[in-house]
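Please open the structure in your viewer and keep a selection tool at hand. The stops below proceed from one selection to the next.

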Amino acid sequence: MPEGLNLAPGKSARASNGLPVVLVGPPNVGKSTLFQALTGVRARIVNYPGATVDLQEGRWVGTGTGEGWRVLDTPGIVGLEPRGADEAVTRQILFPAGVARNPRVVLVLDQTQLARHLYLAFQLREAGLPVVVALTMGDLLAEQGHEVRVADLEASLRMPVVRVDTGDPKSLEVLAEAVAALPVVTTAPEPPVPWDRARVEDARQDADALALRVLVPVPRPDPRVRLPLHERLDPWLLHPFWGFLVFFVAMAAVFSAVFWVAQPAMEVVDALVGSAGGWLHDRLPPGALADFVRDGLVAGLGSVLMFVPQIALLFLAMILLEDSGYLARAATMADRPLSVLGLEGRSFVPLLSGFACAIPAMLATRTIPDARIRRLTILVVPLASCSARLPVYALILGFLVPADKPWLGGVALATLYLGGLALAALLAWCVSRALPADVRASVPFVLELPVYRRPVAKRVIQGVLLKVRSYLERATLPITIVATLLWAATYFPVAGDDPVLRMQGSYAAHWGKAIDFAFAPLGLDWRAGVALIAAFAAREVFVASLALALGVTAVGDGLQAGLLASMAKATLQDGAPMFTLASGVALLVYFVVAMQCASTFVVAWRESGSARVAWGQLLGFNALAYGLAALVYRALA
Amino acid sequence: MWSSLNLGDEVILTDVEGGDSRVRHLMELGFTRGTRVRLLARAPFGGPVVVEVRGARLAIRLSDAACLKA
């Protein structure tokens, strides 16, 4: 998959002017819907240097030019002066450096928002780009009893204007003809100088006047005077009681989808990967190669595929909420408490998903337009206790909590979850305070609340598939490599069939022994240490690795009982028991705070576009976890 | 100002105050002098207000809404 965006003339140079046709427009105008209608399923995600948003590129066929044109969807903008990293990308695409031509632009405008959106048309006109204006939402405008006089708008803007309806292929053909007829602008593209206040105000007034002139009343199909749905619903959906009730139900649904509904699907993936690995293993000569294929390569791929059900379900829920219009209302509800922490309303769903798994959660931050807030959200997401920590919590609490006081385990578990959340809040607060005040306050937080609409099944499914594909393309290789390396570290150099001997004689065990002293402040020795190292493949691996390190060979249901018995017997070098209340709690604290998931590391790097965030989590959270665990051990021992 | 308005009330903006880039962004979004702005809803606990401006519904934080004078 290409890292950069190819702006050089491609093989369809003749047809597409060498540059892709660029779809530009304000947020929520139906730009992506139009893109999907033009390109169908032939779209793919392209990376753009410095951008972490999904940029979709596709081929616009049905243009009467054979192979069609490349067409690129861009992050929504209000004006040409960028407000964040993503809007800066749109600007870079509109004014590519080092190319002596201008890309052809389809400016997508919502007819019901004409007065506001014409502003962008004025800016593009000044920039001298070849632009076709595509008007969407004609059905809504008709419902409101108006129509746009296209010829007047064309004459005033001096740009071709086309009404498009994604359900009507004819209108898309007309759009294609208009794009084909655009003049070729061969001057080097040049971004316009930013407008000052007076200029902005003038343009706004002109836009108002023009919108007023071109909008004409038409007979309504439904003459009954009725308040639009949003005016009736919004006061309720933002109500201090009813609003929270709906918010709670919607978020509970999202959480259940990721936490519980995904579970059976993940078990199926796990079983399939397991049997595929076993099948290959049996067909290879016994030895390191067969073990590598089963436990390294296929298991590594499995740890990529494992997250697909969660990602698919989270995005299914999110796209349904977003397309229906509710997600923006939910974000409005959640904004106030999150704004105190330097986050915003749209950080809520990712943080919530983080309690299931950090990986889909980080992918979900793409809905946050401000790159700074998106990075901050990604930074704190791993502090939400994900479901992979649950088996570890269960094991250690099972060891610590007396059988006659099960309620104590429940309280302890809740404390662990709340502790992680509190730490996430504290960290977000500290990091956002560290930014200079003028940076924080320069861009207003504005969320456009779209009209309520019924989600379209085809668009929802395409959206989910695109997210899953984008994840697989970005994450498969790095996660598999890291998982395979971790496998090798716990496998080599000892040959033989006995997994206990192999584990105890592995490189990971050697490293664990070499830094044995490092585990002493936690009241542990290298055997717990090697399990901690192995847990970087996935946290729940800790349980199985600890069993191997302690010499427990039981599998399945017997594992837990055998492991608990071995933990009770395990002693440190001086003969004192290793697993005590102090070391157990220290281990719990470590797991709450530590970022010990190689897949999360990879995805955090990819999604934040920042090595600092990923390394900061890996080194910072682990150092903090270690320090806190050592403090707790010392206090309790 | 926004705390004293009732839901459904409409005001006409007389000025947009604040730092230069914030003001320009607010103006680009449609908040210019003479614009009618209607209060549609309020998020609880001092959360954003939802206003209608030029036919769009925007949720905007109180700290940003404070820049809008009527």
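How many salt bridges does a search of the whole structure find over all chains? The count is 23. The model is a predicted one, and every stop on this tour should be read accordingly.

**Stop 1: chain A as a whole**

Select chain A and display it as a cartoon. The chain comprises 29 helices and 10 strands. Of its 637 residues, 53% are buried. Among the contacts in chain A with a separation of 6 or more, 74% join residues that stand 24 or more positions apart. If a surface is now drawn over chain A, its accessible area amounts to about 27300 Å², and carbon and sulfur atoms supply 66% of that area.

**Stop 2: a salt bridge within chain A**

Select Glu57(A) and Arg70(A) and show their side chains. These two side chains form a salt bridge, with an N to O distance of 3.3 Å. The pair links distant parts of the chain, 13 residues apart: Glu57(A) belongs to strand E3 (residues 55-60) of chain A, and Arg70(A) to strand E4 (residues 69-73) of chain A. Are the partners buried or exposed? Glu57(A) counts as buried because its relative accessible area is 7%, under the 20% limit. Arg70(A) is likewise buried, at 7% relative accessibility.

**Stop 3: salt bridges between the chains**

Add chain B to the display and select helix H8 (residues 197-214) of chain A, in which Glu201(A) lies. Which residue forms a salt bridge with Glu201(A)? The partner is Arg33(B), and the closest N and O atoms are 2.5 Å apart. This pair crosses between chains, with Arg33(B) placed in the loop between helix H1 (20-28) and E3 of chain B. Arg33(B) is partly exposed, at a relative accessible area of 45%, whereas Glu201(A) is buried, at 12%.

Remain on helix H8 of chain A and select Asp208(A), which lies in that helix. Asp208(A) forms a salt bridge with Arg54(B), the closest N and O atoms being 2.1 Å apart. This pair also crosses between chains, and Arg54(B) sits in the loop between E4 and strand E5 (56-60) of chain B. Here Arg54(B) is buried, with a relative accessible area of 14%, while Asp208(A) is partly exposed, with 27%.

Next, select Glu81(A), Arg197(A), Asp20(B) and Arg24(B) together. Salt bridges link these four residues in a network.

**Stop 4: Arg116(A) and its surroundings**

Select Arg116(A), which is found in helix H4 (residues 114-127) of chain A. Arg116(A) is classed as buried because its relative accessible area is 6%. Which residues does Arg116(A) contact, leaving aside its neighbours within four places in sequence? In chain A they are Arg204(A) and Glu448(A). In chain B they are Leu29(B), Gly30(B), Val53(B), Arg54(B), Ala56(B) and Leu58(B). Arg54(B) thus appears again: it contacts Arg116(A) and forms the salt bridge with Asp208(A).

**Stop 5: a nonpolar patch on the surface**

Return to the surface view and select Trp236(A), Phe241(A), Trp242(A), Leu245(A), Phe248(A) and Val249(A). Together these residues form a nonpolar surface patch with about 680 Å² of accessible area. Helix H10 (residues 242-283) of chain A contributes the largest share, 4 residues. Phe241(A) lies in the loop between helix H9 (229-237) and H10 of chain A.

**Stop 6: notable backbone geometry**

Select Phe492(A) and Pro493(A) and show the backbone. The peptide bond from Phe492(A) to Pro493(A) is cis, with omega near 0 degrees. Pro493(A) is located in the loop between helix H20 (457-491) and helix H21 (499-504) of chain A.

Then select Arg158(A), a residue other than glycine with a positive phi of about 55 degrees. Arg158(A) occupies the loop between helix H6 (150-157) and strand E8 (161-163) of chain A, and it is exposed, with a relative accessible area of 65%.

Finally, select Phe45(B). This residue, not a glycine either, has a positive phi of about 55 degrees. Phe45(B) lies in the loop between strand E3 (36-42) and strand E4 (49-53) of chain B. Phe45(B) counts as exposed because its relative accessibility is 65%, over the 50% limit.

Terms used: Residues are numbered from 1 along each chain as its sequence is written. Chains are lettered from A and ligands numbered from 1 in the order in which they are written. This is a predicted model: local features need pLDDT of at least 70, side-chain atom pairs count only at pLDDT 80 or more; totals for chains, interfaces and linings use all residues. Side-chain values use heavy atoms; hydrogens and water are left out. Helices (H or I, at least four residues) and strands (E, at least two) are DSSP runs, numbered from the N terminus. Buried means under 20% relative accessible area, exposed over 50%, partly exposed in between (1.4 Å probe, protein chains only). Contact means heavy atoms within 4.5 Å. Accessible areas come from the Shrake-Rupley method with a 1.4 Å probe; for residues, only the protein chains shown count as cover. Patches are made of residues with over 30% relative accessible area and no salt bridge: like charges are joined within 9 Å, nonpolar side chains (Val, Leu, Ile, Met, Phe, Trp, Tyr) within 5 Å.
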